Amino acid sequence: MSLEVRNLTKQFAGIKALNNCTLKVKEGSITSLIGPNGAGKTTLFNIITGFESPTSGSIIFKGSNITKLPAFKRAQLGISRNFQQVRLFRNLSIKDNLLLAGAGTYNLEELHLKIPLSRLSSELSYGQQRLVEIARSYLKPYSLLMLDEPTSGVNPVVRRELRRILLRLKKNHQTVFFIEHDMDFVMDVSDHVIVLNEGSVLAQGTPNKIRNDKRVLTAYLGGR
């Protein structure tokens, strides 16, 4: 197992963003995390990657407890991620953004950007910036790639490129854990789907199983 989250709880001023959350991400699989707004998805990602500390519970990565490790140590162990908001260095070129992340001077033709690596990040469209940030995450050596809403705010062309990237990673048996609101995208690329609701795992299984789970429909549609 690549990642295990055990009984994770996170409390903010009396509000439990995560409540005894337990889940596993299998090595070599594409696992998606879905759930209504406020379910605790990004909080979970931030705790796994060391940007926030849990109130209680533990995180096991490749058999080792990493709960108290700082974020940079987790990155060194092979956890790579992007963020919900684009975090490129806007005054640096694409090439320098990749170098700073330890990704090396990679050719981005496979992302169909068709722009020179010397181009400043500030000169790119939002969709191009999104692709470069994701490239920075997955070109860096990793054993677990975590993506927070990769299709958020992008046009259909960029969405198709992201789909192509994830399907290629799936074919190559890479381990990916991603948050997404686009259900068609989730069902298309995922091996396993985990549904978070009110800070706890509500359901999990294959895309087909989740698609037909009445509890998931209730959580998204408010009982209708």
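This report describes the overall build of a predicted protein model, then one sheet, one helix and several single residues.

**Basis of the model**

The model is predicted, so to speak of a local feature a pLDDT of at least 70 is needed, and side-chain atom pairs count only at pLDDT 80 or more, while totals for chains, interfaces and linings use all residues. Residues are numbered from 1 along each chain as its sequence is written, and side-chain values use heavy atoms, with hydrogens and water left out.

The pLDDT is the predictor's confidence in each residue, on a scale from 0 to 100. Its average over the protein is 88, and 92% of the residues score at least 70. Among the elements, S4 has the highest mean pLDDT, 97, and helix H8 (residues 214-221) has the lowest, 80. Where pLDDT is low, the predicted coordinates should not be read in detail.

**Overall build**

The protein has 8 helices and 10 strands. These elements are DSSP runs, numbered from the N terminus: helices are H or I with at least four residues, and strands are E with at least two. Along the principal axes, the C-alpha atoms fill a box of roughly 50 × 40 × 35 Å. The radius of gyration is taken over C-alpha atoms, and the globule rule is 2.2 Å times the number of residues to the power 0.38. For 224 residues, a compact globule would have a radius near 17 Å, and the protein agrees with this at 17 Å.

Of the 224 residues, 48% count as buried. Buried means under 20% relative accessible area, exposed means over 50%, and partly exposed lies in between, with a 1.4 Å probe and protein chains only. A contact means heavy atoms within 4.5 Å. Among contacts with a separation of 6 or more, 66% are between residues 24 or more positions apart.

**The six-stranded sheet**

An open sheet of 6 strands runs in the order S6-S7-S8-S3-S9-S10, with mixed pairing. Two strands pair if DSSP finds at least two bridges between them. Strand S6 (79-81) and strand S10 (200-205) are the edges; each has a single partner strand, so one side of each has no neighbour in the sheet. On average, neighbouring strands are turned by 20 degrees against each other, direction ignored.

Strand S9 (residues 192-197) pairs with S10 in the antiparallel sense over 5 bridges, and Val-195 stands opposite Ala-203 in S10. Helix H4 (residues 126-139) packs on the sheet and touches S6 and S7, its direction making about 160 degrees with that of S7. For such angles, axes are lines fitted to C-alpha atoms, for helices over the stretch in contact, and the angles run from 0 to 180 degrees between N-to-C directions.

Ser-137 belongs to helix H4 and is buried at 3% relative accessibility. Beyond its neighbours within four places in sequence, Ser-137 is in contact with Ser-80, Arg-81, Asn-82, Tyr-142 and Leu-145. The side chain of Ser-137 also reaches the backbone nitrogen of Asn-82 at 3.5 Å. A polar contact is a pair of N or O atoms within 3.5 Å; within protein, one must be able to donate a hydrogen and the other to accept it, and residues adjacent in sequence count only if both atoms are side-chain atoms.

**Helix H1 and Thr-55**

In H1, 7 of the 8 residues are buried, so the helix is largely enclosed by the rest of the structure. Among the buried ones are Leu-44, Phe-45 and Ile-48.

Thr-55 lies in the loop between helix H1 (41-48) and strand S4 (56-61) and is partly exposed at 48% relative accessibility. Thr-55 and Thr-9 are 46 residues apart in sequence, but 5.5 Å apart in space from C-alpha to C-alpha. Leaving out residues up to four places away, Thr-55 touches Thr-9, Lys-10 and Gln-11. Its side chain reaches the backbone nitrogen of Gln-11 at 2.8 Å.

**Positive phi values**

Most residues other than glycine have a negative phi. The table lists residues with a positive phi.

| Residue | Phi | Place |
|---|---|---|
| Asn-7 | about 50 degrees | strand S1 (residues 3-12) |
| Glu-149 | near 50 degrees | loop between strand S7 (144-148) and helix H5 (156-171) |
| Glu-198 | about 55 degrees | turn of the S9 and S10 hairpin |
| Gly-50 | near 90 degrees | after H1 |

Asn-7 is partly exposed at 40% relative accessibility, whereas Glu-149 is buried at 11%.
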